[in-house]
There are 2 protein chains.
Amino acid sequence: MSKGKPTFQDVLLGLQDYWAKRGCIIWQPHHTEVGAGTANPGTFLKVLGPHPWNVAYVEPSIRPTDGRYGENPYRLGHYYQYQVILKPCPDNIQDLYLASLEHLGIDLAKHDVRFVEDDWEQPTLGAWGLGWEVWIDGMECTQFTYFQQVGGIDLDPPSVELTYGTERLAMYLQGIDSAFDLEWIPGVTYGDVYKANEAQWSVYNFELADIPFLQRAFVDYEKECERCLERRLSRPAYDFVLKTSHMFNLLDARGAVSVTERTSYIARVRTLASKVAETYAAELGESVGDGMADGSDAGPNGVGAGVAGEAWISPDDREARDLLLEIGVEELPASACRAAIDLLPERVAGLFTAEGVEVAPGDVQVMVSPRRIAVLIEGVPGEQAPRELTQRGPAFEAAFDAEGNPTKACEGFARAKGVSAGDLEVREEAGRRFVYYVARSESRPTAGLLPDICLKIVRDMYFPKNMRWGFRDVRFSRPIRWLVALWGETVIPFGYAGLTSGRTSHGHRWLGGPVEIRHPRDYVEAVRSVSVMVDHRERERLMWGDLERMASEQGLKVIDPMGKMEEVLFLVEWPTVTQGQFAAQHLSLPAEVLETAMQSHQRYFPMLDAEGALSNRFLYVSNGDPACLDGITAGNERVLQGRIEDAEFSFDKDRATGLEAMAAELGKIVFHVKAGTMKDKTERLVALTNYLAGVCGAPGEVRERALEAARLSKADQVSIMVREFADLEGVMGETYALMEGHHAEVAHAIREQFLPDAAGGAVPASLPGALLATAEKVDNITAAFACGEPPTGSKDPYGLRRAAAGMVAIAMEHGLHYDVEELLDRAYDQLERFPSLVERGTVVPEAVDFILERLAKVLTDDGLARDTVDAVLQTSRDFLDLRLRALALHQFRSGAQWDDLVTVFTRPSNLAKKLPTESAEEAGAQPQGGVSPALFTAEVESALFAAWQEAVGKVATAIEGQCYGEALAALASLRPVVDRYFDDVLVMAEDEAVRNNRLRQLAAIAGTVRGVAWLELVQG
Amino acid sequence: MSKGKPTFQDVLLGLQDYWAKRGCIIWQPHHTEVGAGTANPGTFLKVLGPHPWNVAYVEPSIRPTDGRYGENPYRLGHYYQYQVILKPCPDNIQDLYLASLEHLGIDLAKHDVRFVEDDWEQPTLGAWGLGWEVWIDGMECTQFTYFQQVGGIDLDPPSVELTYGTERLAMYLQGIDSAFDLEWIPGVTYGDVYKANEAQWSVYNFELADIPFLQRAFVDYEKECERCLERRLSRPAYDFVLKTSHMFNLLDARGAVSVTERTSYIARVRTLASKVAETYAAELGESVGDGMADGSDAGPNGVGAGVAGEAWISPDDREARDLLLEIGVEELPASACRAAIDLLPERVAGLFTAEGVEVAPGDVQVMVSPRRIAVLIEGVPGEQAPRELTQRGPAFEAAFDAEGNPTKACEGFARAKGVSAGDLEVREEAGRRFVYYVARSESRPTAGLLPDICLKIVRDMYFPKNMRWGFRDVRFSRPIRWLVALWGETVIPFGYAGLTSGRTSHGHRWLGGPVEIRHPRDYVEAVRSVSVMVDHRERERLMWGDLERMASEQGLKVIDPMGKMEEVLFLVEWPTVTQGQFAAQHLSLPAEVLETAMQSHQRYFPMLDAEGALSNRFLYVSNGDPACLDGITAGNERVLQGRIEDAEFSFDKDRATGLEAMAAELGKIVFHVKAGTMKDKTERLVALTNYLAGVCGAPGEVRERALEAARLSKADQVSIMVREFADLEGVMGETYALMEGHHAEVAHAIREQFLPDAAGGAVPASLPGALLATAEKVDNITAAFACGEPPTGSKDPYGLRRAAAGMVAIAMEHGLHYDVEELLDRAYDQLERFPSLVERGTVVPEAVDFILERLAKVLTDDGLARDTVDAVLQTSRDFLDLRLRALALHQFRSGAQWDDLVTVFTRPSNLAKKLPTESAEEAGAQPQGGVSPALFTAEVESALFAAWQEAVGKVATAIEGQCYGEALAALASLRPVVDRYFDDVLVMAEDEAVRNNRLRQLAAIAGTVRGVAWLELVQG
């Protein structure tokens, strides 16, 4: 390393030198475009199989969407990754890695270096792993990943991947704010070499690349890949995987991939990648078998592994003692820390009590910091509580004769238990006395149980996500690097994952060092002495206290809108709350954008002034040396500044473009290959919104705003902000619409189209929003069914269940009356021009059922019985009407007239089934249900006919007024005449005409009831 | 560099380290497939424009055709180049480069390191340069090139490009014979990493790649490139140039590119590359102007540049002295050496005599070795020979009066010359006396002229190819690195190309060192003292002497079939003839293959035994330290072994395939996009050969052999050998045909199809060969015309002029009679099924004219007058017949009857033009030319008519027998009656019928003459 600030080349050659000396092959970038070093076959293929493989290389990484025309100093469409792969993972990999930074000249002790959870995934390559982003003073400089799968194949052994962001590292080392100002070698800057390149490629990628060419090339490469796979040529096939992937990236940059299409493209690439990985792995298998590489067995994985120089406790010692188990780990994710805190007391107490050692969950103290999970229990009993095992024998009367001597039965029982009758005890059970055999267990010393308990605590720990790092059966949230286990002053001997327990803990990476724990009660202070505040509750109190104090000292209020404290809590072991700021001119950006910049990645805490306006000051929590805060803060400020400028850049670009221009570009984003582009989708939304406004009787002004919102609803999909932060979809549309002077309701409706965004979430507040949100959802549903992709079983990739529930919720909230079948018909009309859709006759009924099923769920969630809901579900197509019907039926079922109604319905309904089919069909089509009074032979027939006619009238009026209770009551009131009818009339008369006329009468009555509710679906 | 043998990684990192320390940016391989580091934009674009740019990088180079399934240890379809670009070129670049080899641990003094002329060209990129392959002990390890043009643009300043073959270097350093055995890092071989890769890519590239996909992709990339160029996006456009180029390479490997198509593909890529270069250069111009970079001015470029510490000779010194001029250069090509030897005596002598110093060409000794051109002249006169300038004045009589005093005229003349009348001299001229003004030039000392003469010798030297290396107006065969110029013991002061003259020469690179030349006469021995045998004649004598002696001592005879001595002569300064050998088992290969391996690249001398069989011993000339010959020979043997094994590999593959299988593959090689594949071409050749055999009356056996040869004629285009050594086209076909047991004439005909292969070259010896060769040529010609690509002006890319001349030569040699128009018609028949051809009515007549024009050239080259040839050219379509006619006319023109014939033809022919057009047309169609004896009015008319009738009969008989002299004589014999006719008859009679009858008679006579020769085309 040269004196002075290292050049960019010094960084590259420094890393090369460092890793070459550590046995890595220095590899070359791949000969086709890749988005990351992972895609180089030197990683993707070589991490498969058991062979050791250590490699390091520069990879010029091409990410078309990241290009910024060379105008943004932090974002490049082409940049240099430095990639390292080590297989198997060395135990000291974190130290090895950190030493590489020192090798570049960074004095890590003066900085805040963090391992921030980042679970890496590359869906197109079927690859994922767990690990971190490594930060220096807030700047992400390396991706550190334990690969778990590649091409869908479990890695055995896993590899570790280090990916250095070389430009960022060099910028950091040179203390500059623009990649283009980097000194590459003396006299040559990065900008000299690459600025024009960035500008030109941005033009090509964003504006010029020929979309049909890219689409065709994708398909061509895909085919060529498959042809290679047929010949089992994994390596050429893999190149074509990369080429399909690059075509996808280019299409993406051109904005020519919709959310829906994205899924399909990614799946296609992943499928190829998986086949390539399988083929390659099979080649390896053929040539070398599938043996495990060196060092991959689990090592001393069990109890009793002794600790050099320390003797385990005497086997007879039964003294109560304090227990400490500290699992030293590489930096844990917050979620794993929280899982440990939540689950361990119960689990640890359970392990003890299962062994008869009395430990309650409340006795188990769990303390968690990023690099350790500590379990501390004071005063654990020194031996098992006595336990007895009882078994009941004969009843007292049968066990002893009158003299009180044991009977034969009693002695037989005693003999079977291996004792004499005199050893049996008499106890009372449920008021009767029996003889019992009672065995008392031996009370073993706790000490003997501890190695096994400790092993189980570690081995069986449950985390949301687990990883392997080199031992076939060992999984944990992150690799375990040391084990401290103390029983009083003595080490509890056990081993796991290649480690043996001891008393040496490790402090803060730079502010601490190793520390011997003498006794569990010393633990908290011992690790504090090496700068670890191990108790998370203490840390949290301290941080909130300082945050609030520092804010209020300036008349400000600290906020945490995205709830980042939980993450910060488990990122620091030695927290110092610190203040930084960004340039005040950026305050003109929308607060949401600034808060996103501060919180979403950096986890800083914004502050508000008394008026609730955002301050340009912020607070953050350092884990570095409190003596070095100035430098650390400067670094964090620089990073934030970059993020804000980046957001500002995108924001300004978008504003310059404008929503109208964005909307005009929607034709190039495919919504679904079978259902057109986002432009087509927009047109459908306009039409459906218009229809809904009509049937819902929206006032003209509302209709206009809803239509304007529909027209612009998807425009922000073209914006850079949304392409970068997909969460801001709708939010940016609203923001830009407001800035462009659209009516506030138009703007809000654009954002509200996606509401409710969770089950039970808020629905649009405005009526235009409600109409547009309904249109958006009904189109999604109809399109999915029409494209042959309805939700099935657990699969609902487009979230259609939520969409349907949302339609219901919106209709309820805003009192929107519409016929859902009619609406789906209109939605299908809009789609009809696309070829290769499922036909209307299938789509509409199935979608209606699907949506009504959601309605049913809403109603049952509201407490209605499922059969109540089912009874009404086919009687209307209007959600509100259906709800009223269901509520009415629900109420009626608990009322006095329910029996009457059931009676009125049941026998007529059952008898009506005897009506010959053709007659039944005729009957329904005739006036008066085809009942002919001329055929009546009994007076009561006329009476029933008259009563029914009257009830029909009342029911019609009640339905008209949606007074379904009244309708039901009117029907129930037929009970007396119905009863009389069956008393007086033999329905199944000899005369066929008479008989059928009577059956028609009964069918008509049942039919009238079913017009209100299908009572045959009501259980009992 | 680690101890022991360097690993492959040591080589890569060693070069990186070396060049990084010399200010190079360490660049990365490009992100799309390239065949060489040159194609990386870090070279292609960055060498444009004036900015200094020093860069070094590894480039994994992909050359699909070089793949060998991982079965050949020397050939890889994917290998690592190490590329260095330095702009401007440093003066000490050769030393810098050689030091990089020393840095890798090679002790160059122990080896034979050579700079072997290699003028590099990359046609697809419009790039070329002059330079060398650098050899170590016969192994090519680096390409060293002074770039002159890239993308068709002159580089200003030029760059130097070094391209190391890293695998070869590492193999050399590790002393191994297979790239796959290279140790990459300890424990990992190159084969571990790349062998499977090679095998799989070979399958893909040679067998699997989808040809229509590649063709489509080529066009797609080409379009995308053009779209980028429209937007002036040079960098994205350049990527697409590379992609088209890669598609072309893949098509080539798949054997899907014919020779014809190749030209078109390369032209398309080059056109794009040139446009990219222009666009990029324009960008540079816009941003920085076009100023020259530092160090690019010509420096002390002129006379009189003093030499430190030495004084130039006294201006009055007129002593005769010896002169020495030594131009020290980087290694010259043999052709440049020869040009210097041939041209310098005349030119140098000319420069002296022009200045009045008497030096004859025979006085100028020129001695040339690879690194110097020396001019030595003994005893150059010390001053100019006296010269006088005279000017004539008045005549003596006018100049002096009777008293002998000058007249006014005389005095006026004297005054005008600035002298007095007494200074004029009287001299005699052509018998008369005049006064003369005579000026005698001052005789200047030679010394004063020398700086200018030396400068001119260097500056105006002419070489077949010249290069620039950093000075805008300085061109030479290779860079000039020192100048020695002595006039006796004194340095002649002048400067050129940044150098000043001196007395220090430089010896052999490793066996010598700098040497001071005291005096010209010491020169030869002085440089001999530093191991340079500067006199090429001496070197050649020595080498031939040793070669012959060493061969004959073993009972062998040395041969030089490809004439390599001339190159060897100018590759060595200190020659040692040395012997090596290759494994005797390879002697089973055809001698041609082995000789090619020994001579074509390595320039070794094969030896034959007494029976004329090739020995496995060979001789070569080392330029290295005679004390290190063992190592040098071992190296050379290893290289030859590799080349032979490579050839053997290809040869065995081809034999295993067999000609029939090759022929079956011809459908995938396109002959011309508009004229089908090589399979189509083969079918055409079979048909045309068959036709020719018929019309030429070939015996059945000949016809069969010719057809068999035609059927297999193109098969070897599919062979690996021909794909690698295009020169062996036909040769390999013959070889394989013989091995497969085909009749020798069939085999020979396959080879002979391309004969004659140069103007005036040998024609096929066999009749089958003659027929096939004719068919091959007529198809080439017809196809080119039909495809709309006839030769134009100086452009004849398909060599059709040679082909047509070949047809003529073959017909002459073998006495083949055929109607060329008919033949072309048959050739067109064969092509007719292809769409988009030029129509037959255009193609056939134009092609006939084109071919007859070649015949005309053959005949005029044989000494016939052009007008003689023209006179007969339209009278037949049979080359042999035409030649007989021309010869007869030629002879007749110098005979006694010529005037008679002219008379017989001329007046009738002229008068016949007065015949009304319609009558003339009728007349030709009628018997007796429409002449009606009934209309005769004079006796002589009847006499002429009778004589003409008789002559017509004689002419017909003579033509039948091809006795054209007799035919002409018969016509000439009409002279008396013709004369009489014109004496007695007024042709233009009043009576129209009489007149026209007479004109018809005359037209008929002229027509009969024109049936033998068009005399109106004969001049005088």
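Ala, Val, Leu, Ile, Met, Phe, Trp, Tyr, Cys and Pro count here as nonpolar, Asp, Glu, Lys and Arg as charged, and the others, Gly among them, as polar. Keep that division in mind for the second stop, and remember throughout that this is a predicted model.

**First stop: the two chains together**

Show chain A and chain B in separate colours, and begin with how one is placed against the other. Chain A can be laid on chain B with an RMSD of 0.7 Å, by a turn of 178° and a shift of 0.0 Å along the axis, and that is the relation of a two-fold axis. To find this axis in the viewer, select T32(A), whose C-alpha is the nearest to it in chain A, at 2.0 Å. The same surface serves both copies, since 100% of the contact residues of chain A recur in chain B.

**Second stop: the largest cavity**

Next, turn to the enclosed spaces, of which there are 13 with a volume of 30 Å³ or more. The largest cavity has a volume of about 260 Å³, and to centre the view on it you can select Y194(A), N197(A), W27(B), H30(B) and P41(B), which are the closest to its centre among the 21 residues that line it. Strand 3 (78-87) and helix 5 (190-208) of chain A, together with helix 2 (41-44) and helix 7 (234-253) of chain B, are the elements that give two or more residues to this lining. Helix 5 of chain A gives the most, with 4 residues. If you colour the lining by residue class, it divides into 11 nonpolar, 7 polar and 3 charged residues.

**Third stop: a sheet in chain B**

Now hide chain A and look in chain B for an open sheet of 5 strands, which has the order 14-15-13-19-20 with antiparallel pairing. Strand 14 (364-369) and strand 20 (490-491) of chain B stand at the edges, each with a single partner strand, so one side of each is left without a neighbour in the sheet. Further in, strand 13 (residues 321-329) and strand 15 (residues 372-380) of chain B pair over 7 bridges, and selecting I327(B) lets you find its bridge partner I373(B) in strand 15. Helix 9 (residues 334-354) of chain B packs on this sheet, touching strand 13, strand 14 and strand 15, and its direction makes about 150° with that of strand 14. Helix 12 (residues 446-459) of chain B lies across strand 13, strand 15 and strand 19, running at about 155° to strand 19.

**Fourth stop: a sheet in chain A**

Bring chain A back and select the 4 strands that form an open sheet in the order 25-27-28-26, again with antiparallel pairing. Here strand 25 (557-558) and strand 26 (576-581) of chain A are at the edges, and each has a single partner strand, so one side of each lacks a neighbour in the sheet. Between strand 27 (residues 605-608) and strand 28 (residues 614-622) of chain A there are 3 bridges, and P606(A) stands opposite F618(A) of strand 28. Helix 14 (residues 536-552) of chain A lies across strand 25, strand 26, strand 27 and strand 28, at about 35° to strand 26, while helix 16 (residues 591-601) of chain A lies across strand 27 and strand 28, at about 15° to strand 28.

**Last stop: backbone details in loops**

Finally, zoom in on P157(A), in the loop between strand 8 (153-154) and strand 9 (160-165) of chain A, where the peptide bond from D156(A) is cis, with omega near 0°. Then select R232(A), in the loop between helix 6 (211-230) and helix 7 (234-253) of chain A; its phi is near 60°, a positive value in a residue other than glycine.

Definitions and conventions. Residues numbered from 1 in each chain as written. Chains lettered and ligands numbered in written order. Predicted model: local features only at pLDDT ≥ 70, side-chain atom pairs only at ≥ 80, totals over all residues. Heavy atoms only, no water. Pairing = 2+ DSSP bridges. Contact = heavy atoms within 4.5 Å. Axes fitted to C-alpha atoms, helices over the stretch in contact; angles between N-to-C directions. Least-squares fit on C-alpha atoms with pLDDT ≥ 70 in both. 1 Å grid on protein atoms, 1.4 Å probe; cavity = no way out; pocket = protein on both sides within 12 Å on 5 of 7 lines; lining within 4 Å. Points joined across faces, edges and corners; volume = space filled by probe spheres on them.
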